[in-house]
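These are my notebook entries from a first look through this structure, kept in the order in which I looked things up.

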Amino acid sequence: MIGDGSFPRASVGDDVEVFAELITGTSSRLNHSLTAFAVPAYGMAPRESGDGRRHWWHLLYGEGWSAGWWSDAPRSGRVAVQGYFVATLGNDPNGPVAVSGRVSSLQSVQVRLDPIEGGGRREVGGTESLTEVDEVPVEFEPFSFPNDGLPHRGVTGVLVDLELGDPPTDRTPFDPGAIDAGAGVVWVMHRSDPTVLRIHPRQDPPVVREFLLPLPIEEPSGDVTRRVHAADDGCWIVGMHDVHRVVVDGEDAVTVERVCAGGGQPSVLVDGQVYVFGSTSDRLVADRRHGMIRRPADAVALWVCDPATKSLREVTDRQTVFEVRRRGRRPDVVTDADGVQWMSGRRGVLRRTGGETTVVDVGDAAVGTAVWVQPRPEDDPATEALLADITVGAWFAEAPDTDDDPEPDSPADGNAESDRGERS
């Protein structure tokens with residue numbers, strides 16, 4: 001590990017979480033053999049090292065751990081590899097999950113650093129030496145070696161041994177994403193899971209109820225994957241692929257219905273209508289499949305969710321576009337009708353009143369019920385013509401009501417009544 005914040009300032013005996021990557025193909029003395037189950041990161045572009053070799057990103061799963069791995073060939077299933085783990089920042093939503101363990105030892109790692117032509121130095125594999133330490137250093141000494149053309153040794157990191165304990169039995173803490181307030185209620189959407197909190201802020205302490213909604217689990221890219229918009233009778237939830245309406249049905253139940261099969265970010269709720277913003281300028285984005293690419297501006301600056309067609313409709317009125325887009329706000333901060341500011345993020349759900357900020361306890365939220373109102377394409381007038389195209393007629397023959405029943409599998413006689421049925 002290195003001092004980039006990927007590993008906490010821990011001491012021996014501390015319980016930590018870390019995102020790990022397996023480094024292979026080196027002659028490091030830190031290498032050890034292990035077996036794991038490899039899963040390719042489908043749809044992700046390879047990278048090319050300085051020597052021209054290409055590597056593909058994989059996820060590795062072992063007993064009690066997971067890690068990312070750049071393999072020099074596509075692999076799937078059980079693998080036997082040699083290497084060592086490094087701590088990473090865990091910014092990849094498609095990367096491995098964090099590994100939990102207790103620090104059993106810490107050792108500083110020194111390696112030989114040889115000068116290279118043109119300036120600088122390179123690490124020499126297989127020259128590592130280890131020194132026991134009690135805690136992660138606050139900072140590492142800079143490589144201030146004389147320019148004498150000779151090799152020197154320097155500390156390049158800390159080797160951490162983790163004891164992997166039993167799987168956690170505690171409930172995973174709620175990871176708040178978007179937040180909004182209205183009608184005396186605060187709504188908080190989970191950053192990734194299809195879970196929403198309803199908070200009654202005027203009670204002391206605030207009453208929190210949790211609803212597990214029938215929605216997909218989204219990749220936790222960034223701080224927000226869905227936006228939540230408070231309404232008089234519930235809230236709207238807007239993701240990149242859909243818009244859902246959540247209506248409160250009593251104290252401990254809600255109904256959930258998909259209103260639009262399209263979505264986007266950011267979004268706003270204006271006069272009871274959900275609007276989705278389009279991008280108005282070109283931008284550079286890191287694409288999973290292609291790497292860094294230019295993404296052109298959207299052809300449409302604003303869409304509105306149309307419940308009649310269950311889809312997004314372009315807004316063409318320029319004044320409406322201007323007025324709606326200026327209503328955009330940060331999804332993680334909101335001020336309620338009482339002037340209380342609510343915030344969500346990695347520190348949890350926060351409430352700020354009179355210059356004092358407190359953390360709202362959402363860990364013991366009561367669990368409510370979510371009723372799923374599933375849309376039926378046959379009830380949508382817009383799909384009537386499509387259903388007619390894929391509906392075919394079938395003739396079903398009924399045997400006459402006589403004592404002389406035909407033999408099984410024999411055709412009915414010519415006087416049998418026939419009913420026309422529809423089958424799609």
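Before placing anything in a loop, I note that strands here are DSSP runs of E with at least two residues, numbered from the N terminus. The model is a predicted one, and I read every value below with that in mind.

**Entry on K310.** With the strands defined, I could place K310 in the loop between strand 23 (302-306) and strand 24 (311-314). Its phi is near 60 degrees, a positive value in a residue other than glycine. I wrote this down because most residues other than glycine have a negative phi. I also looked up how far K310 is open to its surroundings, and with a relative accessible area of 31% it is partly exposed.

**Entry on D271.** A positive phi also turned up at D271, near 50 degrees, again in a residue other than glycine. D271 sits in the loop between strand 19 and strand 20 (273-277). Is D271 buried or exposed? The relative accessibility is 74%, and since exposed means over 50%, D271 counts as exposed.

**Entry on cis peptide bonds.** I next turned to the peptide bonds, most of which are trans as a general rule. The bond from D204 to P205 is cis, with omega near -5 degrees, and P205 is found in the loop between strand 13 (195-200) and strand 14. The bond from Q265 to P266 is likewise cis, with omega near -5 degrees, and I found P266 in the loop between strand 18 and strand 19 (267-270).

**Entry on the sheet.** I then followed an open sheet of five strands, whose order is 15-16-17-18-30 and whose pairing is mixed. Strand 15 (227-231) and strand 30 (369-373) each have a single partner strand and stand at the edges, so one side of each is left without a neighbour in the sheet. On average, and with direction ignored, neighbouring strands of this sheet are turned by 25 degrees against each other. Inside the sheet I looked at strand 17 (residues 243-248) and strand 18 (residues 253-260), which run antiparallel and are joined by six bridges. V243 stands opposite C260 in strand 18.

**Entry on R226.** Going back along the chain, I found R226 in the loop between strand 14 (207-212) and strand 15. I asked myself whether R226 is buried or exposed. Its relative accessibility is 1%, and as buried means under 20%, R226 counts as buried. A polar atom of the R226 side chain lies 2.4 Å from the backbone oxygen of P216. Leaving aside neighbours within four places in sequence, R226 is in contact with a list of residues including A178, D193, P194, I237, V238 and Q265.

**Entry on T225.** T225 lies in the loop between strand 14 and strand 15, and at 9% relative accessibility T225 counts as buried. Which backbone oxygen does the side chain of T225 reach? It is the backbone oxygen of R191, at 2.5 Å. Apart from neighbours within four places in sequence, the contacts of T225 include H190, R191, S192, M240 and Q265. I also checked T225 against M189: the two are 36 residues apart in sequence, and their C-alpha atoms are 9.1 Å apart in space.

Conventions. Residues are numbered from 1 along each chain as its sequence is written. This is a predicted model: local features need pLDDT of at least 70, side-chain atom pairs count only at pLDDT 80 or more; totals for chains, interfaces and linings use all residues. Side-chain values use heavy atoms; hydrogens and water are left out. Two strands pair if DSSP finds at least two bridges between them. Helices (H or I, at least four residues) and strands (E, at least two) are DSSP runs, numbered from the N terminus. Axes are lines fitted to C-alpha atoms, for helices over the stretch in contact, and angles run from 0 to 180 degrees between N-to-C directions. Buried means under 20% relative accessible area, exposed over 50%, partly exposed in between (1.4 Å probe, protein chains only). A polar contact is a pair of N or O atoms within 3.5 Å; within protein, one must be able to donate a hydrogen and the other to accept it, and residues adjacent in sequence count only if both atoms are side-chain atoms. Contact means heavy atoms within 4.5 Å.
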